[in-house]
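Visitor: I have this model open on my bench computer and would like a close look at a single part. Could you walk me through one piece slowly, and then show me what lies around it?

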Protein chains: 2
Amino acid sequence: MPETAGRTKLKADPLFLRDEHLRQAIELLFFAYRDFTDTADRILEIDGMGRAHHRVIYFVGRNPGITVGDLLAILKITKQSLSRVLGQLMDEEYIRQASDPEDRRRRRLHLTPKGADLEARLTARQSQLLAEAFREAGAESVEGFRTVLLGIINDEDRARLS
Amino acid sequence: MPETAGRTKLKADPLFLRDEHLRQAIELLFFAYRDFTDTADRILEIDGMGRAHHRVIYFVGRNPGITVGDLLAILKITKQSLSRVLGQLMDEEYIRQASDPEDRRRRRLHLTPKGADLEARLTARQSQLLAEAFREAGAESVEGFRTVLLGIINDEDRARLS
DNA sequence: GATTTTATGTCAACATCACTGACATATTTT
DNA sequence: AAAATATGTCAGTGATGTTGACATAAAATC
């Protein structure tokens, strides 16, 4: 009996622990991402915008002069979806576009001062949350956090980020 | 001149690096979460369901007998939103409900075998992605990953997770 | 120079998932 | 008996995504 119990435990326990460990990670990602996006949502509400607008403003701010096509590749949505959001952002003067002089089919996107201001407020809020978590966790943990997240990301985007 | 430049550099560089560091983290979270949910979305398409269904199936599987109210608290959506999804899942027999004998106002939710099967397939896929990233990153990085994500999560949910 | 490809935009129709507000029902608590 | 709780439901709305088809301007190629 002890032998059987011992064998069972040796085989089953690590599997259970592995499974439990991975489930905890799934939940960590779910809750952390939800709270992370929530911090920006409060600001967006005030300006009457949603997450789609936030993503566009963020990546245009991060990559001034980005083309519509490159933005589509980052966001992985259809051009019809982007077009609606982008149109609103240009109507309300958060973003302006200018033809690329080298290839005038391309529209290069930039934040207006109004857009840059909103972007700064949104990024500041999310950065605060991250900075606090980083401070509590310590530099080593932050390196681990970055390493694991990079491992989750597809090869193409990973290359761009690291 | 060298003094001014020196002062500027000493003050500006760390701030710039900090900012850059935090922006990279924002992007890591965005891309990692997108790819993480994408893995499950493929399976969900086959079964004709969306992310909302996935979240419900996951948390009912994780907390057998959970009440509707507790599920609402985890998901942070309105009961009208949950009701639609839950109704579909019960119609298609992924989830069944039973009144709590102790308080018959409460409906306790459980996965059916069909629901457990789908849940297992979804979780297996996401676990594979995480396990691979964990294996590449190493145990120390995984600890850091967990620590930082916990730091991002609000106090209430953090207490439940750790 | 004519043709093809590329980058972008747009129109129309539709699906999913969230929201608010109002009201209903059964059950438990006070 | 009255109030509070847990849940469900009806009706309307908004944000964000999808597909498919077609249009235009500019660049690249034959």
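**The sheet of chain A and its surroundings**

Guide: Happy to, and let's begin with the strands of chain A, keeping in mind that this is a predicted model. Strand β1 (residues 66–67) of chain A is joined to strand β3 (residues 107–111) of chain A by 2 bridges, and the two run antiparallel. You can find both bridges by residue. Ile66(A) has Leu109(A) as its bridge partner in β3(A), while Thr67(A) is partnered with Arg108(A).

Now turn to the other neighbour of β3(A). Strand β2 (residues 95–99) of chain A is linked to β3(A) by 5 bridges, again with the strands antiparallel. Here Arg108(A) turns up once more, since in β3(A) it is the residue that stands opposite Ala98(A). Arg108(A) is thus a handy place to centre your view: Thr67(A) is its bridge partner in β1(A), and Ala98(A) faces it from β2(A).

Put these pairings together and you have an open sheet of 3 strands in the order β1-β3-β2 (chain A), with antiparallel pairing. The edges are formed by β1 and β2 of chain A, each of which pairs on one side only.

Chain B offers a sheet to set beside this one. It too is an open sheet of 3 strands, ordered β1-β3-β2 (chain B), and its pairing is antiparallel. Its edge strands are β1 (66–67) and β2 (95–99) of chain B, each pairing on one side only. Between β2(B) and strand β3 (residues 107–111) of chain B there are 5 bridges, and these strands run antiparallel. If you want a residue pair to click on, Arg96(B) has His110(B) as its bridge partner in β3(B).

From the sheet, follow Thr67(A) out to the DNA. Thr67(A) is among the residues that come nearest to DNA strand C, out of 22 around that strand; the others are Gly69(A), Gly50(B), Ala52(B) and Thr78(B). So which helices supply this surface? At least two residues each come from α3 (68–75) and α4 (79–91) of chain A, and from α2 (51–62) and α4 (79–91) of chain B. The most comes from α4(A), with 4 residues. By residue type, the surface near DNA strand C has 4 nonpolar, 10 polar and 8 charged residues.

DNA strand D is worth visiting next. It is surrounded by 22 residues, the closest being Gly50(A), Ala52(A), Ser81(A), Thr67(B) and Gly69(B). Two or more residues each are given to this surface by α2 (51–62) and α4 of chain A, along with α3 (68–75) and α4 of chain B. For DNA strand D the most comes from α4(B), with 4 residues. The residues near DNA strand D divide into 4 nonpolar, 10 polar and 8 charged.

Both chains supply residues to these DNA surfaces, so how do the chains themselves meet? The contact takes 41 residues from chain A and 41 residues from chain B. On the chain B side, at least two residues each are supplied by α1 (2–47), α5, α6 (139–152) and α7 (155–161). That side of chain B holds 23 nonpolar, 9 polar and 9 charged residues.

To finish, zoom in on the helix pairs that cross between the chains. Helix α6 (residues 139–152) of chain A packs with helix α5 (residues 113–137) of chain B at an angle of about 130 degrees, and their axes are 8 Å apart. The two helices are therefore oblique to each other, and their crossing is right-handed. From α6(A), the contact uses Gly144(A), Thr147(A), Val148(A), Gly151(A) and Ile152(A); from α5(B), it uses Leu129(B), Ala133(B), Phe134(B), Glu136(B) and Ala137(B). This set comprises 6 nonpolar, 3 polar and 1 charged.

The other pair to look at is helix α5 (residues 113–137) of chain A with α6(B), which pack at about 130 degrees with axes 8 Å apart. These helices are therefore oblique as well, and α5(A) passes α6(B) in a right-handed crossing. Among the residues making this contact are Phe134(A) and Glu136(A) of α5(A) and Thr147(B) and Val148(B) of α6(B). The contact of α5(A) with α6(B) divides into 6 nonpolar, 3 polar and 1 charged.

Key
Residues numbered from 1 in each chain as written. Chains lettered and ligands numbered in written order. Predicted model: local features only at pLDDT ≥ 70, side-chain atom pairs only at ≥ 80, totals over all residues. Near = placed C-beta within 6 Å. Nonpolar A, V, L, I, M, F, W, Y, C, P; charged D, E, K, R; others polar. Axes fitted to C-alpha atoms, helices over the stretch in contact; angles between N-to-C directions. Parallel < 35°, antiparallel > 145°, perpendicular 65-115°, else oblique. Left-handed = near helix turned anticlockwise from the far one by under 90°. Contact = placed C-beta atoms within 7 Å. Pairing = 2+ DSSP bridges.
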